[in-house]
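Colleague: I am new to this structure and should be grateful for a close look at one part of it. Could you choose a single helix and explain how it packs against its neighbours?

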Amino acid sequence: MIIDSKKYNGPCSCGRSHEMATQLAVIQPGCLKNFDQYLNDAGLTGKRAAIYDQNTYHAKNLVRPQTAQEIILNPENLHANESATSTVLSQLDPDVQILVAVGSGTIHDITRFCAKERGIPFVACPTAASVDGFCSTVSAMTWGGFKKTLPGVAPILVLADIDVIKEAPPALALSGVGDVLGKYTALADWKIAHALTGEFLCPEIEALTRKAVEEVYTSCRQIASGSPAAFERLTCGLLLSGLAMQMMGNSRPASGAEHHISHIIEMEPETLGIHSSALHGEKVGVGTALASGVYHKLAETADITPLVKEYPPITDALIRESYGDRLFDSIAQENRTDCMAAVTPQLLAKQWPAIREIIAQIPTREELEALYREIGAKTTLEDIQVDPALLPKLLAYSPLVRNRMTLMRIRRMIDAAD
């Protein structure tokens, strides 16, 4: 498969003009063998440095790109943080003109941050179909102990060698499946916000993302058998999700309530006492099933007029109760201007039939969990080392992670959801 950005760049039916920094994504067995040719075709010339960790440096079937410098990081406790980026930046030769990320999502976040710092382009060579961030324009970092999104650059070129990707540990591909399937609830949240407040929604980006998630939904059962076609579809779905975010200029098409559940677990607020070593996509997959269950339960009510109340403000006391002192400042800042300000009980009740139709497009919790079990993916909170007794708090507190309208946040207006 080849994704050519020329098909998506330029004026759109939504009235905007979309631009991708990523020129080309190649998703084929053995494509790394033609690394030099692809770079030449993209006009990428100059001294190159490749960033690996020790595991990806020795990945099965990997044809290492020819570069003037290689920086190989210790994978033990490796995170996209100030320590890792400082290590890379201090070791980089001063005349390097192109960075090459060879590895996981962590390696890519480190590389894109360093490319931004140096003001040079980078090329993405994912070694596992684990996350949708390979084409991101921002770096998902842990900075000063906090989860933050920091400036980065999108790759000019992506070379996803399926011969390498299909040999990665199975958990990584299952994490990728979870990340892609999260788009079901993310897209629903986006469409619901559009229905309620007219928030901008591009039908072309929505359709592109929906096609990606549906192809993964129908093909992911073949991943266990090592089907190259299934790995191509999964990798393509992950890359298309990232490219959709490039087109949109933010993560709206790819991140909703399911990601907020994952994020609150990753932030480990002391008020919840949680810690999970599960992969990001594993947490997103579980979060998707949980959000789906809540959304379909809400949709059982045909007329919510008697249940709707004024939106309760997010107070400092609620934030401190939810996230504790360590995270208070960052969460409070995120919620200073509430995305729900324009939503009245009357508006919500009026738009409820349309919202129910949007919810109907999401697979049910039971359908998702059955699929997870069939493919061997993490399915429950227990599977990701989170106490199931914390579910009510996760659902109530997670919308505060991001000032973004989701049905999980809207749920605060519905008495039956308390």
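Modeller: What follows is an account of one helix and of two others that it meets. The model is predicted: local features need pLDDT of at least 70 and side-chain atom pairs count only at pLDDT 80 or more, while totals for chains, interfaces and linings use all residues. Residues are numbered from 1 along each chain as its sequence is written, and side-chain values use heavy atoms, with hydrogens and water left out.

The helix in question is α11, residues 280-299. Its name follows the DSSP runs, numbered from the N terminus (helices are H or I of at least four residues, strands E of at least two). Two packed helices are described by the angle between their axes and the distance between the axes.

Consider helix α6 (residues 170-181), whose axis comes within 7 Å of that of α11 and crosses the latter at roughly 40°. Here an axis is a line fitted to C-alpha atoms, for helices over the stretch in contact, and angles run from 0 to 180 degrees between N-to-C directions. At that angle, α6 is therefore oblique to α11; under 35 degrees counts as roughly parallel, over 145 as roughly antiparallel, 65 to 115 as roughly perpendicular and the rest as oblique. The crossing of α6 and α11 is also left-handed, in that the near helix is turned anticlockwise from the far one by less than a right angle.

On the α6 side, A171, S175, G178, D179 and L181 take part; in α11 they meet H280, G281, E282, V284, G285 and T288, contact being heavy atoms within 4.5 Å. By class, three nonpolar, six polar and two charged residues form this contact of α6 with α11. Ala, Val, Leu, Ile, Met, Phe, Trp, Tyr, Cys and Pro count as nonpolar, Asp, Glu, Lys and Arg as charged, and the others, Gly among them, as polar.

Helix α14 (residues 365-375) is another partner: the axes of α11 and α14 come within 8 Å and cross at roughly 155°. That angle is why α11 is described as roughly antiparallel to α14. From α11, the residues G285, V286, T288, A289, L290, S292 and G293 meet R365, L368, E369 and Y372 of α14. Five nonpolar, four polar and two charged residues make up the contact of α11 with α14.

To bring the two contacts together, G285 and T288 of α11 take part in the meeting with α6, and G285 and T288 also take part in the meeting with α14.
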